[in-house]
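These notebook entries record what I looked up in one structure. I began with a single side chain and worked outwards from there.

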Amino acid sequence: MRKLSPLALAALLALAGPAWAQSVKATVTKVDQDAGKVTLDHQRIPKLDMDAMTMAYKVKDPAMLKDLKSGDKIEFDVDEAGGEYTVTKIRKAK
């Protein structure tokens, strides 16, 4: 098996990076301000190998929920740590 040079590896990671950082489109179906959670009907999340589905997510900062309501179209970023998924960014879709 041939090893990649550091330069080739850096180039490969630069190309792969945007796919990992790609936001996911979703529709808000429920906002639970008290629990700090949002339920999203979202597209497939490639970086987590997760199919499209509707799921409740904890948010990193509950303040992200203050302007959201059911039916809003958004783009979001999510991370997984310790078996728990957390929304780290939410932007209203244009």
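Is Asp-77 buried or exposed? I worked on a predicted model, and in it Asp-77 has a relative accessible area of 13%. I therefore entered Asp-77 as buried, since the cut-off for that class is under 20%.

**Entry 1: the partner of Asp-77.** I next looked for a charged partner and found Arg-91, whose side chain meets that of Asp-77 in a salt bridge at 3.5 Å, N to O. Asp-77 belongs to strand β4 and Arg-91 to strand β5, so I noted a link between distant parts of the chain, 14 residues apart. Arg-91 has a relative accessibility of 32% and counts as partly exposed.

**Entry 2: charged pairs in the whole structure.** I then searched the whole structure and obtained six salt bridges. I followed up two that involve Asp-72. One joins the side chains of Lys-69 and Asp-72 at 3.0 Å, N to O. Another joins Lys-92 and Asp-72 at 3.3 Å, N to O. For the latter pair I checked the positions: Lys-92 is in strand β5, residues 84-92, while Asp-72 is in the loop between β3 (53-59) and β4 (73-81). The two residues are 20 apart in sequence, so their salt bridge ties together separate parts of the chain.

I recorded that Lys-69, Asp-72 and Lys-92 are linked in a network of salt bridges. Which residue of this network is buried? I found that Asp-72 is, with a relative accessible area of 8%. Lys-69, at 51% relative accessibility, counts as exposed. I listed Lys-92 as partly exposed, because its relative accessible area is 45%.

**Entry 3: aromatic rings.** How many aromatic pairs does a search of the whole structure find? I obtained one. It consists of Tyr-57 and Phe-76, with ring centres 5.9 Å apart and planes at 50 degrees. I classed the pair as tilted, because that angle is neither under 30 degrees, as for stacked rings, nor over 60, as for edge-to-face. Tyr-57 lies in strand β3 and Phe-76 in strand β4, so the pair ties together parts that are 19 residues apart in sequence. I also noted that both Tyr-57 and Phe-76 are buried.

**Entry 4: a backbone angle.** I looked up Asp-49, which has a positive phi of about 50 degrees although it is not a glycine. I placed Asp-49 in the loop between β2 (37-42) and β3. Its relative accessible area is 61%, so Asp-49 is exposed.

**Entry 5: the chain as a whole.** I closed with the totals. The protein chain has one helix and five strands, and from the N terminus on I read the order of elements as α-β-β-β-β-β. Of the 94 residues in the chain, 24% are buried. I took the accessible surface of the chain to be about 6700 Å², with 55% of it belonging to carbon and sulfur atoms. Finally, I considered contacts with a separation of 6 or more, and found that residues 24 or more positions apart account for 45% of them.

Definitions and conventions: Residues are numbered from 1 along each chain as its sequence is written. This is a predicted model: local features need pLDDT of at least 70, side-chain atom pairs count only at pLDDT 80 or more; totals for chains, interfaces and linings use all residues. Side-chain values use heavy atoms; hydrogens and water are left out. A salt bridge is a side-chain nitrogen of Lys or Arg within 4 Å of a carboxyl oxygen of Asp or Glu. Buried means under 20% relative accessible area, exposed over 50%, partly exposed in between (1.4 Å probe, protein chains only). Helices (H or I, at least four residues) and strands (E, at least two) are DSSP runs, numbered from the N terminus. Contact means heavy atoms within 4.5 Å. Accessible areas come from the Shrake-Rupley method with a 1.4 Å probe; for residues, only the protein chains shown count as cover. Rings of Phe, Tyr and Trp (its six-membered ring) pair if their centres lie within 6.5 Å; planes under 30 degrees apart count as stacked, over 60 as edge-to-face and the rest as tilted.
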